[in-house]
Amino acid sequence: MAWTKYQLFLAGLMLTTGSINTLSAKWADMFSAKGCHGNPEHAFSHPFVQAVGMFLGEFSCLAVFYILLCHDRRSPEPRMNIGQSFNPLLFFPPAMCDMTATSIMYVALNMTSASSFQMLRGAVIIFTGLLSVAFLGRRLAPSQWLGIFVTIFGLVVVGLADFVSGHRDDSHKLNDVITGDLLIIMAQIIVSVQMVLEEKFVYKHDVHPLRAVGTEGLFGFAVLSLLLIPMYFIHVGNFSDNPRQVLEDALDAFCQIGYKPLILLALLGNTVSIAFFNFAGISVTKEISATTRMVLDSLRTLVIWVVSLALGWEQFHGLQVLGFVVLLTGTALYNGLHRPLLARIPWCAARMNLDDKGSDAERERLLNDGRVLASEDT
């Protein structure tokens, strides 16, 4: 069945805004401007300020939810399922995981390329799969285990590509690239904990996805904004790139924005894109399918890589192509995207029914919960 114009619009919106989210964050990192108190020009390195902007974008999903709810209630036949009543504090633990992981990833984005950043986020399926077996008692299908092992191999290939490129790339030092890659993988462990917490304590309440994203954004925005105050006084030495060498200098960030307003445009691109990305992703799941959403989320890695090459932000490396293909294959296997092809082969179809009995409904339920597995996007 051919897609409607509205479905094509949603798919394009998700792919575009998802790509802009990472590219705009990297664009902000590439600026240099004067700081406060006459500090000379230096790089815009404020990952925690960027994370606050990202959570503001997620928080805006809560406003979208209530706008849609008001519009639905005015219609003759309300159709919007708002879910059960719940305690908003249920979202606090996963929101803190999201806040920690997002902050770490923005720190890492300063150290490595945008394409490697997006590719390495695929590691989330490894830790999500293992934690779901350990703490949720889920039985993974053989294809999901294969997807995990393929993903591990893909991560090794991407890491090797970064190691090789680190010797030839003047924009990032080799030590920074390796540290950045490790931080991204570390952040995926925290994201996996977040997903397990959400499934165990939150999803049983049937909360609307926009409401869930918005509530977590509210907690993340409020807590991280408050943490910017002590971060202003915590000295971390050479680990920080700001003049005062503190964990985060929000005042310096605002001064740099004042001297170079284009930085604000990059930050707004990150904030607005994450809001539209979440809305488009949830709409794609509803209007088309959860499988389409996963495919589009994987394709944005390719878009980010191609745009980064076109803008001259990074150099072409054949190993990255191999790593992307391997990671895409691992993600496809884990999420069952191979099944429609194998279902056309009678022997394979019968075998899959035996191997994956009971796992399909569980996988589809998780996908339709409205969360992109590699998420968040961040």
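In this predicted model, R300 and D297 form a salt bridge in which the closest N and O atoms are 2.7 Å apart. Both residues belong to helix α11, which covers residues 290–310, and they sit three residues apart, about one turn of the helix. R300 is buried, and D297 is buried as well.

This pair is part of a short list, since the count of salt bridges comes to three. Another of them joins the side chains of R138 and E199, with a distance of 2.2 Å from N to O. Here the partners come from distant parts of the chain, 61 residues apart, with R138 placed in the loop between α5 (124–135) and α6 and E199 placed in helix α7. R138 counts as buried because its relative accessibility is 16%, a value under the 20% limit for that class. E199 falls into the buried class too, because its relative accessibility is 15%.

A further salt bridge brings together the side chains of D249 and R244, at 3.7 Å from N to O. D249 has a relative accessible area of 4% and is therefore buried, whereas R244, with a relative accessible area of 28%, is partly exposed. A residue with an unusual backbone angle can be considered next: Q245 has a phi near 55 degrees, which is a positive value in a residue other than glycine. Q245 lies in the loop between α8 (209–231) and α9 (250–259), and it is partly exposed, because its relative accessible area is 31%.

From these pairs the reader can turn to the open spaces of the model. Rolling a probe the size of a water molecule over the atoms shows where empty space is left. The second largest pocket has a volume of about 690 Å³, and 30 residues line it, with S45, N110, M111, D176 and D241 lying nearest its centre. Among the helices, α1 (5–29), α2 (47–74) and α7 each give at least two residues to the lining of this pocket. Sorted by class, the lining of the second largest pocket consists of twelve nonpolar, eleven polar and seven charged residues.

Helix α7, which holds E199 of the salt bridge with R138 and also contributes to the pocket lining, has a part in the surface as well. A nonpolar surface patch of about 560 Å² is made by L160, F163, V164, I178, L182, L319 and L322. The elements that supply two or more residues to this patch are α6 (142–166), α7 (174–202) and α12 (318–334). The largest share, three residues, comes from α6. One of the patch residues, V164, has its place in helix α6, and V164 is partly exposed because its relative accessible area is 32%, which lies between the limits of 20% for buried and 50% for exposed residues.

A valine in another helix gives a contrasting case. V284 is found in helix α10, which comprises residues 262–287, and V284 counts as buried because its relative accessibility is 0%. Along the chain V284 and F9 are 275 residues apart, while in space their C-alpha atoms are separated by 9.6 Å.

Conventions:
Residues numbered from 1 in each chain as written. Predicted model: local features only at pLDDT ≥ 70, side-chain atom pairs only at ≥ 80, totals over all residues. Heavy atoms only, no water. Patch = residues over 30% accessible without salt bridge, like charges linked within 9 Å, V, L, I, M, F, W, Y side chains within 5 Å. Areas by Shrake-Rupley, 256 points an atom, 1.4 Å probe, with all protein chains shown as cover. Salt bridge = Lys/Arg side-chain N within 4 Å of Asp/Glu carboxyl O. Helix = DSSP H or I, 4+ residues; strand = E, 2+ residues; numbered from the N terminus. Buried < 20%, exposed > 50% of the residue type's maximum accessible area, 1.4 Å probe, protein only. 1 Å grid on protein atoms, 1.4 Å probe; cavity = no way out; pocket = protein on both sides within 12 Å on 5 of 7 lines; lining within 4 Å. Points joined across faces, edges and corners; volume = space filled by probe spheres on them. Nonpolar A, V, L, I, M, F, W, Y, C, P; charged D, E, K, R; others polar.
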